[in-house]
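Open the model in your viewer and keep the selection tool ready. We will go from chain to chain.

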Amino acid sequence: MKSGGAPRRLEGLAFVAPFLLLYGVVLIWPLLMGIGISFHRADLFGAREWIGLGNYATALADPVVHQAIGNTLLLALLIVPPLTALALLLALALNRATRGAAVFRGIFFSSSVLSVTIVTLIWRFILTPDAGLLAVAADALGREPLPFLSDQALVIPAIAITTIWWSLGFPIMLFLAGLQQVPADVYEAAALDRAGRWTTFRHITLPAIRRTLLLVVMLQTVGQLQLFGQAQLLTGGGPGGGSRTIVLAIFEVAFGRWELGYATALAEILFAMILVVTLLQYWLVTRREDAG
Amino acid sequence: MSATSPRAGLSGPVLALLLVGAAVMLTPMVWTLLLSVKSNAALLGDSGAALSPPYTLDNYRAILADRLTSRWLLNSLIVSLGTTAGVLVLSSLAGFAFARLEFPFRRSLFLFVLLGLAIPEQAVILPRHQLFATLGLHNSYPGLILPGLTGSFGVFFMTQYFRAIPRDLDEAALLDGASRLRLFWSVLLPLTIPAQATLGVFTFLASWNDYWWPLISATTSDYYTLTVGLASAQMNYAQTSGLGFLMAQAVFASVPILIVYIVFQKQIVRAMAGTAVR
Amino acid sequence: MRWCGLLLLLLAGCAAPDQRPEIVVQRFFGECGVIHGGSTDVAAADTECGILTTLFNRFEAENPDIRLKVNVVAWPGYPQLAAQIAAGDPPDLVTMHQSVISDYQDRGLLEPMDGVLVEAGVDAATFTPAARAGVVKYGRVYAMPWDTIGRLFHINTRLMAQAGLMRDGKPVLPRSPDELLAQARQFKAATGKPYLVQAHVNAPDFHVALLYTYLLAQGDTIFPDARHVRLDTPAARQVVALFRQLHAEGLTTRNQDFPAATARFVQGGGGIFPVGTWMIGPYDAEAARPGSALYRSYAIAPFPRLWGQDAAFVDGHAWVMPRAARSRSERAAIARFLGFLARYNADWSRTGQLPAFQPVLETDSFRALPHRGDIVAIASTGTQLPEHVRRQSAIQGLIGEELEAAVTGIKPIDRALADAERRVNRLYAELP
Amino acid sequence: MASLALKDVHKSYGDTLVLDRVSLEVAARELIAFLGPSGSGKSTLLRIIAGLETADGGEVWLEGRRIDALPPGDRGVAMVFQHYALYPHMTVRENMAFGLRNAGVPKPEIDARIAQAAHVLEIEAQLEKKPGQMSGGQRQRVAIGRAIVKQPKLFLLDEPLSNLDAALRTRTRVELAQLRQRVDAALIMVTHDQAEAMTLADRMVVLNERRIQQVGTPMDIYARPANAFVARFVGSPAMTLAPATVMPGNDRFARVRLAGGAEVMTRVPRNGLVDGAPVSLGLRPEHVSLAPAEAATLQAEVILVERLGDRTFVYACLADGLEMIAQDIGSSAVRVGDRVGLRIDGDAAHLFEADGTGRHADAAT
């Protein structure tokens with residue numbers, strides 16, 4: 001716009017400086033520190049010994065880490081696609097200006113405002129076979145309640161269901177926002193072209209909200225790969241490590257075993273995983289966009 | 001009619017499915033509410049008792065008498081409001097500058113900030129714990145608030161929003177003799193209120209629900225946030241005998257945030273739909 | 001407007017300066033201010049949480065010149081303590097299991113407490129043998145012992161009678177693994193209920209205590225040195241196999257976490273709950289309550305001898321002082337607090353835990369408490385972990401996780417034990 | 001004394017020159033229109049005067065004060081933006097007061113000025129409304145009001161009518177004309193609409209290709225366009241430029257021959273024109289009429305008929321492909337495809353030399 005000499009040009013820096021200062025000190029600096037620490041045998045209380053890639057080598061050979069990575073990926077897989085599909089369906093149904101739709105929107109968003117402690121508390125007393133609502137229901141039906149929190153085959157789905165219930169709100173909101181960007185006349189044109197409901201969805205709605213879809217999937221994937229509270233509070237990672245996620249493993253290694261170096265190495269591995277997965281998703285979607 | 005025409009009402013089958021979905025969403029909450037109004041003794045060993053009277057408000061009376069829960073609530077409010085205010089101020093200032101001002105390294109700095117979108121908290125949290133120990137920031141409000149202020153999303157979001165405001169408003173203000181600060185404060189900032197509301201609500205929710213960081217940074221009960229405080233109670237086996245109380249705590253802790261949500265629901269939806277400036 | 005409000009809140013957060021010495025006491029055992037409020041009537045309180053809460057209230061009332069800050073943490077509180085120490089902001093006194101002390105002591109995180117105990121008027125010579133073994137490491141006292149925790153059989157005598165397993169008013173307990181299985185089957189057939197009530201979920205200490213006890217009984221050395229554990233042994237396989245068998249046949253409750261198992265036993269949902277001394281108090285109260293499933297039908301017994309000889313693996317609670325700079329007046333306050341606590345050790349033993357001080361153990365009032373005669377020997381004969389065992393809390397988590405997997409049939413026994421051994425040894429290899 | 005003076009103003013964006021040494025003087029209370037196609041630099045020039053852009057060189061003077069180094073707010077100019085740029089979150093009153101408050105005008109005076117302007121613009125009833133609640137025309141008035149209350153020495157209007165529908169545009173044009181009677185300041189408006197410029201402006205500045213092509217009164221520019229660009233840009237339909245050559249001869253006025261062979265005698269003095277030189281013959285539609293074959297200069301085929309009611313424009317194609325526009329009476333019976341004769345009024349014709357320079361019929365005779 002206007003170039004008004006050095007003071008005016010530095011004025012802009014003054015506006016961004018407060019954020020950049022915090023960003024640098026509280027985010028970027030620890031990030032670099034973490035990479036440094038991960039090359040050490042370091043304990044929580046300050047001892048440091050350089051071991052190069054030792055922690056990474058250990059991690060790659062550690063069956064507990066393998067299990068945690070497997071659990072985390074499985075959880076992401078069990079959460080992200082159903083969550084996305086469900087949210088999209090609900091957004092389609094609720095994308096209208098009626099009072100009823102507003103009430104439903106409120107209901108489906110309400111769980112998102114609860115903190116993880118409360119969500120797990122609620123769901124513990126839904127799922128636990130002793131005092132949970134499902135057990136009460138099973139009792140009433142004369143059935144043996146399912147041990148959701150202690151069976152290796154059930155514990156991951158249980159956490160997934162809890163998480164989906166908890167996280168449905170934001171994707172719905174994002175989809176609603178995306179749907180409202182689609183001009184109404186496109187639908188009118190489609191109706192004139194005698195497009196059916198599915199055709200309209202497939203050829204009009206879906207392409208129009210592709211960016212939103214990508215955003216939802218990426219945000220959710222990144223979020224679920226960092227799943228922590230639900231596993232820690234609901235199952236403690238059990239049974240037999242069957243629900244230990246990577247972040248829970250990081251927490252245990254750092255604060256239970258004091259192995260800060262190993263824990264940061266695990267954190268860097270997770271960081272790399274998240275980068276790869278999101279870049280892959282981004283590439284897959286944009287590549288198809290270029291082709292189409 | 002098509003499922004996507006915005007003015008039409010809900011058709012029968014869709015409505016039925018929505019009702020089922022709403023029931024699934026609400027049942028856990030109703031169950032929690034029921035448990036919270038039962039005496040702890042009645043629930044011992046038989047939570048099914050919650051389905052029938054008698055009900056009591058004793059658990060809520062107990063919470064109001066318990067200074068810890070109120071303290072945690074206050075802590076959560078301070079931390080969440082502080083984080084929200086901080087994010088709004090920092091993001092607005094930076095967003096305005098990135099969108100509107102010329103300064104050295106503007107583009108590089110913006111890219112540098114965008115980089116933050118790709119950094120998960122996990123990659124930072126352990127070293128940050130060490131760093132804050134060195135700085136003596138643990139068990140303090142700044143220690144709980146500062147990490148929440150480093151999110152790139154707010155800056156990115158506000159930059160985009162400022163960019164969407166027509167530049168001729170800036171020019172009109174310049175011709176009206178406004179300084180940069182006045183332009184920012186009196187002309188552009190008021191126009192970003194929908195964005196502020198959205199960013200504010202999301203920041204508040206995220207901060208309110210944060211768990212990992214307060215768990216390791218706020219380690220004395222004076223500085224527990226509700227999330228951590230409730231977790232400490234939840235994992236104590238001594239609380240088995242206090243199921244009703246535990247659930248009442250959960251309800252009590254959720255009320256403020258539900259109020260925030262209900263108050264701002266319109267803003268959330270409207271601002272997310274990206275209302276144009278004019 | 002909002003800024004002003006925030007500022008006010010922040011200002012409210014920092015109270016006026018207080019000249020009194022402040023001590024921060026961190027404990028687990030739960031939060032029960034709701035029930036006990038500001039009560040100082042220690043004698044009237046029950047449960048671990050209740051007794052400690054009233055004790056602290058009483059100390060504050062009697063010592064207005066000391067500021068006592070109480071910090072309740074989630075059990076067992078060690079991740080939090082580690083975070084606090086790493087943050088350079090540890091509490092002044094912390095409840096710690098005696099088995100965990102070595103770990104922190106070895107890393108130089110604890111202060112020796114010989115001096116402060118003398119100042120407190122607490123004579124280390126009065127510690128019971130089990131307590132002494134728990135808090136003395138390499139010749140120095142690193143904690144004030146608070147109790148000794150033993151593991152026992154909590155028995156529902158009504159159900160045992162129903163199963164024909166009572167003789168002369170005493171429960172009939174097995175003397176070998178085969179007998180255990182036989183009695184368990186007999187019990188199940190007669191009552192339709194599982195013989196054992198156990199916690200398999202999220203309760204690593206549960207199976208670890210069983211395993212340690214029966215390894216000690218068979219003379220196995222679990223921790224040969226400071227860097228190794230030995231778990232993949234025939235003795236260990238035998239023990240795990242027995243419990244796996246019980247689980248497989250449905251002779252024990254399944255899928256319960258600790259709170260669930262506790263509640264199940266109260267409801268008369270099983271015959272024997274092999275858990276710690278701390279449940280004696282609550283279950284006694286149930287046994288005295290008409291209408292309870294345990295009414296007049298509650299007994300306890302040490303773990304029966306199934307292999308080798310009688311043995312008891314014990315642990316205990318203790319108060320430790322994390323290393324930190326403290327003023328003379330703060331030290332004096334801590335000493336006064338410790339002296340105060342020691343005087344109330346008898347009240348603590350009402351929970352069921354064994355007192356840490358020999359004189360308390362020998363009082364008539366303690367001997368008069370129900371069932372205590374059956375277990376008092378543990379305070380002298382109970383075996384603590386060797387002092388070179390570090391990372392007990394983390395290790396217990398690892399071993400317990402593998403044991404849960406083995407007992408519940410998720411993993412083959414051999415592999416679970418091998419994995420447990422490997423994981424612990426790997427952890428040790430990482431230690432300095 | 002000149003109110004506004006531009007001296008050698010030039011400006012480039014990077015390597016792209018957008019204004020090439022522009023100089024101009026505007027008299028007090030004069031209304032000037034900057035007219036030109038998009039990209040001609042007219043908006044840039046306006047923005048340089050306003051201070052929204054900084055010139056690379058040259059000077060801008062207003063009422064005897066050099067202003068090009070001053071911030072926009074201190075220059076004593078007011079601007080009405082194309083899209084009005086009203087502050088959406090402020091009421092009309094606040095919109096108008098904003099600049100005055102920034103300038104430290106006392107409150108009573110602000111109120112007085114707003115009341116006055118609102119009265120003149122008939123927006124008194126809208127003062128407490130926000131721009132979003134108003135129609136386009138009302139917003140336009142508010143934008144003007146916001147400029148008036150500042151009592152500037154110079155008004156700048158950027159495409160003031162382009163956002164209005166046709167009916168409103170005509171009305172606003174009248175209002176703008178009245179406005180300038182009331183304000184004691186010069187006005188500069190930027191427009192690409194020549195009708196707007198011609199009806200409103202005292203003088204027009206035609207810009208193209210980074211330079212001022214011609215400055216003059218509307219009639220002057222219409223009648224005596226300085227070059228081929230101005231000739232074609234001003235006037236609608238545009239002037240026909242027919243390729244021709246100068247015929248040798250000794251007449252006072254030039255005679256030219258069209259490519260198709262027809263000859264036209266003009267009243268353009270021939271002094272300086274080289275015999276046989278290629279020129280363009282400039283003909284406005286009103287100087288070409290339909291005629292019976294014997295009275296016609298040219299024969300052509302009608303390709304388009306534009307009926308305006310009071311007159312008819314006939315687009316006709318000559319044998320050599322040249323298109324020429326003729327004007328006929330309103331009730332013309334001509335139809336597409338008709339072969340017609342065209343009669344050229346050589347007395348009103350213009351000639352443009354190869355470099356575009358215009359030569360016009362001698363008005364003296």
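## Stop one: chain D

Select chain D. Among its contacts between residues at least 6 apart in sequence, 65% join residues at least 24 apart. Here two residues are in contact if their C-beta atoms, placed from the backbone, lie within 7 Å. This is a predicted model, in which local features need pLDDT of at least 70, side-chain atom pairs count only at pLDDT 80 or more, and totals for chains, interfaces and linings use all residues. Residues are numbered from 1 along each chain as its sequence is written, while chains are lettered from A and ligands numbered from 1 in the order in which they are written.

Now colour chain D by secondary structure. Eight helices and 21 strands appear. Helices (H or I, at least four residues) and strands (E, at least two) are DSSP runs, numbered from the N terminus. The C-alpha atoms of chain D fill a box of roughly 75 × 45 × 40 Å along the principal axes. Of the 365 residues in chain D, 42% are buried (20 or more other C-beta atoms within 10 Å of the residue's own, with C-beta atoms placed from the backbone).

## Stop two: chain A

Select residues 69-281 of chain A. An unreviewed UniProt entry annotates them as "domain: ABC transmembrane type-1". The span is 77% helix and 0% strand, and its end C-alpha atoms lie 19 Å apart.

Next, show α3 (residues 63-94) and α7 (residues 152-167) of chain A. They pack at an angle of about 40 degrees, with their axes 9 Å apart. That makes α3(A) oblique to α7(A) (oblique covers angles that are not under 35, over 145 or from 65 to 115 degrees). Which residues in α3(A) meet α7(A)? Among them are A:L74, A:L78 and A:P82, and the α7(A) side includes A:I156, A:A160 and A:I164. By class, this contact has eleven nonpolar, three polar and no charged residues. Ala, Val, Leu, Ile, Met, Phe, Trp, Tyr, Cys and Pro count as nonpolar, Asp, Glu, Lys and Arg as charged, and the others, Gly among them, as polar.

## Stop three: chain B against chain A

Add chain B. 77 residues of chain B are in contact with 82 residues of chain A. Pick out α14(B), which gives the most to the chain B side, with twelve residues. That side divides into 54 nonpolar, 17 polar and six charged residues.

## Stop four: chain C against chain A

Swap chain B for chain C. 30 residues of chain C are in contact with 25 residues of chain A. Highlight α4 (78-86), α12 (258-266), α20 (392-407) and α21 (413-430) of chain C: each gives two or more residues to this side. By class, the side has 15 nonpolar, seven polar and eight charged residues.

Technical notes. Axes are lines fitted to C-alpha atoms, for helices over the stretch in contact, and angles run from 0 to 180 degrees between N-to-C directions. UniProt positions are given in the numbering used here, feature names are shortened, and annotations may be inferred rather than shown by experiment. A residue is buried if 20 or more other C-beta atoms lie within 10 Å of its own, exposed if 12 or fewer, and partly exposed in between; C-beta atoms are placed from the backbone.
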